[in-house]
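The following exercises invite the reader to examine a structure step by step. Each task is followed by a worked solution.

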Amino acid sequence: MFFLQMMKDGGPVMWVIFGCAVLALAVFLEKVFQFHRDEINVSELLHGLTNVLRRDGLVEALTLCDSTPGPAARLLSAAILAYQRGDADVRQAVDDAALDELPKLERRVNLLGTLGFVLPLIGFFGTVLGMLRVFEEVRVSEYFSAGDIAGAVTMALITTAAALAAAIPCYLGHNYLVARVNAITLDMEK
């Protein structure tokens, strides 16, 4: 009930803020689940691959890479396939695979940063609309009441508060996801 009252008092800008907040939450959860699913211990994978490759088990090494989630395993698989084909430049195969993997990691992460930047501006827009309502009430009504003005000021303050309440987690989520992308990229470089 409180939520609906806030949405009503905040005016139409509140629905834009709410939509942005829901979008930000969906992006954050999607990326957290993706990173959790792709998280592996790279040193253990490398140790296992080294043991398999010492026994000339290329097929077994590829199977190990294919059954291991994450971009680091896919890079190792590309290197093993390039070596198996006799490609002169295994490094190029790894670089090409990395160029395929990095956009998957970074996809939609910047959307959180953008929402974190834009949401306070949307809240400020709601504040301006609320102040315009205040002045319109004063201009139109010969006998305006404090309640009329208070409703417009409430609209202004609610949109600002709601936008800031949504923007702060967006910034925090963006920074967290960037740190995770950097950690996974470091694993890929290893």
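**Exercise 1.** Which residues in α5 are buried?

Solution. The model is a predicted one. A residue counts as buried when its relative accessible area is under 20%. In α5, the residues that meet this criterion are Pro71, Ala72, Ala73, Leu75, Ser77, Ala78, Ala79, Ile80 and Ala82. The next step is to identify what covers them: the cover includes α2, α3 (42–54), α4 (58–67), α6 (90–106) and α8.

**Exercise 2.** Compare the expected span of helix α5 with the distance between its ends in the model.

Solution. Helix α5 covers residues 71–85, which is 15 residues. The expected span is 1.5 Å times one less than the number of residues. For α5 this gives 21 Å. The C-alpha atoms at the two ends of α5 are 21 Å apart, so the two values agree. Just after α5, Gly86 adopts a positive phi of about 85°.

**Exercise 3.** Determine how many disulfides the model contains.

Solution. A disulfide requires two cysteine sulfur atoms within 2.5 Å. For Cys20, the closest cysteine sulfur belongs to Cys170 and lies 8.1 Å away, so a bond is ruled out by distance. Starting from Cys170, the closest cysteine sulfur is that of Cys20, again at 8.1 Å and too far for a bond. The count is therefore zero disulfides. As for accessibility, Cys20 is buried at 15%, and Cys170 is buried at 3%.

**Exercise 4.** Locate the nonpolar patch on the surface and state which elements supply it.

Solution. The patch is formed by Phe3, Leu4, Trp15, Phe18 and Val22, which together have about 490 Å² of accessible area. The elements that contribute two or more residues to this patch are α1 (2–10) and α2 (12–38). Helix α2 provides the largest share, three residues. Val22 lies in helix α2. With a relative accessibility of 43%, Val22 is classed as partly exposed, because that class lies between the limits of 20% and 50%.

**Exercise 5.** Is His174 buried or exposed, and which residues does His174 touch?

Solution. His174 is found in helix α8, which comprises residues 146–189. The relative accessible area of His174 is 15%, so His174 is buried. Leaving aside residues up to four places away in sequence, His174 touches Val109, Asn110, Leu112 and Gly113.

How values were computed:
Residues numbered from 1 in each chain as written. Predicted model: local features only at pLDDT ≥ 70, side-chain atom pairs only at ≥ 80, totals over all residues. Heavy atoms only, no water. Helix = DSSP H or I, 4+ residues; strand = E, 2+ residues; numbered from the N terminus. Buried < 20%, exposed > 50% of the residue type's maximum accessible area, 1.4 Å probe, protein only. Contact = heavy atoms within 4.5 Å. Patch = residues over 30% accessible without salt bridge, like charges linked within 9 Å, V, L, I, M, F, W, Y side chains within 5 Å. Areas by Shrake-Rupley, 256 points an atom, 1.4 Å probe, with all protein chains shown as cover. Salt bridge = Lys/Arg side-chain N within 4 Å of Asp/Glu carboxyl O.
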